[in-house]
Amino acid sequence: MFRNYISERPSASFAVIKDGKIEDCQSFGYADLENKIQANCETNYRLASVTKQFTAMGILKLINQGELNFDTKLTQVIPEFPDYGKEITIKNLLTHRSGLQDYSKLYPKDSEKPLVDKEVLDLLIAQDSLLFPANTQFKYSNSGYAVLAMIIKRVSGKTFKRFMEEEIFEKTGMTNSTIYVKGAPIKNRAFGYTFNDSLNKYINIDQNIWSAIQGDGGVYSSVSDYAKWDNSLYDETLVSSDLLNDAFSSWDENGKTEGNGYGFGWFIEMENGKKYLRHSGSTTGFINISLRIPSEKLSVVIFTNTSDFGGLRRTASFLASLYSDGQLPIPIDVMIEKEITNNGSGEIKTYYDTLILSKDNYKVDTEDLTRLGFSYLRKDEKEDAFNVFIFVKMEFPQNFDGYIGLAHYYKKYGNNEKAIEYFKKVIEVATSDEQRHIDFSKKMIKELSE
């Protein structure tokens, strides 16, 4: 599962946390390639959007203290904010239902100066409208979490960094964790990398113009510190159990709801009657994921300092199943990947049929199977990518995943006619819940036809 991080490459660190203890913690590769410093379980990685669960907790702390409530309006805390935001509540910001515009689309494309949270707020204040009326839609919003960091600063009277360190990190024992501030030292720091094909080596891409924004992605932490955070979420170390329950529940326009959705800094997914709390994080040079299954008191966290390799959701699910004492099914795509590594991809269907005889032991997810195909496509492993996509198409013809995989396959290798054929199949098969894939396919058909 971690072969891409072995040897003199950027690193990955993971921890499996079970019944309040670290069940396993391992690291691979280098936190600092220039100085040949290997990663370990104390290495501090930039968490990117895994930060959002911490920012959300900062807001919950203020609610717990009576300084805010869920219905507090944005303009009550930041009175200079224009009238267009007067209906946005704290809860709308936490659940990505604010309608605020994406700061990355508001900042001039030729700007090189790193943006900070206050400047995100200034960009939003300069606008005169929302993307949609508050609480009418869900749209993942980095802007909203940058604004939440500014709200924490306004209400607490402390910098976001100081508030988080005093109110969260110190209280949970996360003494090695911090908030990024340009120029401030970060101990045990991992630096971000990507592989440069023309130079045939990894290059440092640790920062970009968004890296100094704190509320949506500025936490640095280690997998061992994360275990302390995870433990604090089972009791009232930080906030009341009622607020924790709110954070771990889905919300829509009518309030708290059952089923899949978004809580406060967490994606909520129901699988086989169990609640899975997930959040990934991706930024220049870093990809991470956190997974909690409270009913099993089992969590997995994986931090990496390269943006070259995805698939961490699959890896986290596999580790969770591996350490669940048989309570959680193994992702079947991981077993298929192992089979391809050992014996090639020519007999995927035969191997799948063998595994599925014990179907209760395995979890079949067409999206994850398709991600496996894309992992081979990214590495230009043409035959394996094609065979995985064909298998998904043949085994699950009612699902769009195999078709979109084949569309990308043919697009990459220059067969526009076949790519258009499969993008059309995506439009034919995908449901309204998969509208973004329909819209993307229409866009690709138009571009490839021209």
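## The largest cavity

The largest cavity in this model is lined by E271, Y276, R278, L291, S317, A320, S321, L328, P329 and K363. Two elements each give two or more residues to this lining, namely strand β14 (274-283) and helix α10 (312-322). The greatest contribution is that of α10, which supplies three residues. The structure is a predicted model, and the cavities described here are computed from it.

The volume of the largest cavity is about 70 Å³. Its lining is mixed in character, with five nonpolar, two polar and three charged residues. Among the lining residues are the charged E271, R278 and K363, as well as the polar S317 and S321. Cavities of 30 Å³ or more number two in this model.

## The second largest cavity

The second largest cavity has a volume of about 50 Å³. Around it stand Q53, A56, M57, L60, W229, L233, A247, F248, F264 and W266. Helix α1 (residues 52-64) provides the largest share of this lining, with four residues.

Which classes of residue make up the lining of the second largest cavity? Nine of its residues are nonpolar and one is polar, while no charged residues take part. The polar residue is Q53. The nonpolar residues include the tryptophans W229 and W266 and the phenylalanines F248 and F264.

## Strands β12 and β13

Strand β12 (residues 261-262) and strand β13 (residues 267-271) run antiparallel and are joined by two bridges. Within this pairing, G261 has I268 of β13 as its bridge partner.

The hairpin of β12 and β13 has four residues between the strands, and G265 takes a positive phi near 85° there. F264 and W266, which belong to the lining of the second largest cavity, lie in sequence on either side of G265.

## Strands β13 and β14

Strand β13 also pairs with β14, in the antiparallel sense and over five bridges. In this pairing, E269 stands opposite Y276 of β14. Y276 is also one of the residues that line the largest cavity.

Which residue takes a positive phi in the hairpin of β13 and β14? That residue is N272, with a phi near 50°, in a hairpin that has two residues between the strands. E271, at the end of β13 (residues 267-271), is among the residues lining the largest cavity. Strand β14 in turn is one of the elements that give two or more residues to that lining.

Notes
Residues numbered from 1 in each chain as written. Predicted model: local features only at pLDDT ≥ 70, side-chain atom pairs only at ≥ 80, totals over all residues. Heavy atoms only, no water. 1 Å grid on protein atoms, 1.4 Å probe; cavity = no way out; pocket = protein on both sides within 12 Å on 5 of 7 lines; lining within 4 Å. Points joined across faces, edges and corners; volume = space filled by probe spheres on them. Pairing = 2+ DSSP bridges.
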